[in-house]
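Me: I would like to go through this model with you one question at a time, with the reasoning spelled out before each answer. Could we begin once the sequence and structure are in view?

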Amino acid sequence: MNWLALLGLVLIIYAAVVVWIALKKPEKIWDMAKIRVFRKILGEKGTVIFFYIFAAISLGFGIWLLTLWLQVRGINGTDSSKHDDS
């Protein structure tokens with residue numbers, strides 16, 4: 001597994017955590033200074049929508065990185081980065 005796959009998986013997990021935070025609104029996280037500023041500017045509903053959009057972008061990039069990694073590996077399942085082209 002290379003950095004593309006690892007970063008893709010991290011972004012997908014991050015997106016899931018962001019959605020969980022938007023749905024559950026855990027008190028310790030929801031009262032952090034940055035989120036309070038978002039709530040003050042965007043309102044409660046706007047902040048939740050912003051979180052969903054941010055999660056969707058993270059999920060999209062995570063899936064994109066995983067598909068890049070799969071393309072690099074090739075169809076036969078071998079890691080093309082380990083082959084010597086000389």
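Me: Is Ser58 buried or exposed in this model?
Reply: The model is a predicted one, and within it Ser58 lies in helix H3. Residues under 20% relative accessible area are classed as buried. Since Ser58 has a relative accessibility of 7%, Ser58 counts as buried.

Me: Which residues does Ser58 touch, leaving out those up to four places away in sequence?
Reply: Ser58 is one of the buried residues of H3, a list that also includes Ala55 and Gly62. What covers the buried residues of H3 includes helix H1, residues 3–24, and helix H2, residues 27–30. With residues up to four places away in sequence set aside, Ser58 touches Leu11, Tyr14 and Ala15.

Me: What does H3 span between its end C-alpha atoms, set against a straight helix of 41 residues?
Reply: Helix H3 covers residues 33–73. At 1.5 Å a residue, a straight helix of 41 residues would span 60 Å, whereas the distance between the end C-alpha atoms of H3 is only 43 Å.

Me: Where does H3 bend, and by how many degrees?
Reply: The span of H3 is only 43 Å, where a straight helix of 41 residues would reach 60 Å. The bend in H3 is located at Leu42, and its angle is about 110 degrees.

Me: How many Å separate the C-alpha atoms of Arg36 and Thr47?
Reply: Arg36 has its place in helix H3, and Thr47 is among the buried residues of that helix. Arg36 itself counts as partly exposed because its relative accessibility is 45%, and Arg36 touches Trp30 and Asp31 when residues up to four places away in sequence are not counted. Although Arg36 and Thr47 are eleven residues apart along the chain, their C-alpha atoms are separated by 9.3 Å.

Me: Why is the pair of Phe38 and Phe50 described as stacked?
Reply: The structure holds six aromatic pairs. The rings of Phe38 and Phe50 have centres 4.8 Å apart, and planes under 30 degrees apart count as stacked. The planes of these two rings stand at 25 degrees, so the pair of Phe38 and Phe50 is stacked.

Me: Which class does the ring pair of Phe61 and Trp64 fall into?
Reply: Phe61 and Trp64 both belong to helix H3 and are three residues apart, which is about one turn of the helix. Phe61 counts as partly exposed because its relative accessibility is 47%, and Trp64, with a relative accessible area of 47%, is partly exposed. The centres of their rings are 6.3 Å apart and their planes are at 70 degrees, so the pair is edge-to-face.

Me: Which residues form one aromatic cluster?
Reply: Two members of this cluster are Phe38 and Phe50. Phe38 counts as partly exposed because its relative accessibility is 32%, and Phe50 likewise counts as partly exposed, at 31%, whereas Phe51 is buried in H3. The aromatic cluster is formed by Tyr14, Trp30, Phe38, Phe50, Phe51 and Phe54.

Me: Which parts of the chain are linked by the pair of Glu44 and Lys25?
Reply: The side chains of Glu44 and Lys25 meet in a salt bridge, at 3.8 Å from N to O. The two residues are 19 residues apart, and their pair links distant parts of the chain, with Glu44 in helix H3 and Lys25 in the loop between H1 and H2.

Me: Which residues do salt bridges with shared partners join into one network?
Reply: A search of the whole structure finds three salt bridges, and besides the one between Glu44 and Lys25 there is a salt bridge between Asp31 and Arg39, at 3.7 Å from N to O. Arg39 also meets Glu44 in a salt bridge, at 3.4 Å from N to O. Through the sharing of partners, these salt bridges join into one network the residues Lys25, Asp31, Arg39 and Glu44.

Me: What phi does Gly74 take?
Reply: Helix H3 runs over residues 33–73. Gly74 comes just after H3, and the phi that Gly74 takes is positive, at about 90 degrees.

Terms used
Residues numbered from 1 in each chain as written. Predicted model: local features only at pLDDT ≥ 70, side-chain atom pairs only at ≥ 80, totals over all residues. Heavy atoms only, no water. Helix = DSSP H or I, 4+ residues; strand = E, 2+ residues; numbered from the N terminus. Buried < 20%, exposed > 50% of the residue type's maximum accessible area, 1.4 Å probe, protein only. Contact = heavy atoms within 4.5 Å. Expected span 1.5 Å × (residues − 1). Bend = angle between axes of the 7 residues up to and from the residue. Phe/Tyr/Trp six-rings, centres within 6.5 Å; stacked < 30°, edge-to-face > 60°. Salt bridge = Lys/Arg side-chain N within 4 Å of Asp/Glu carboxyl O.
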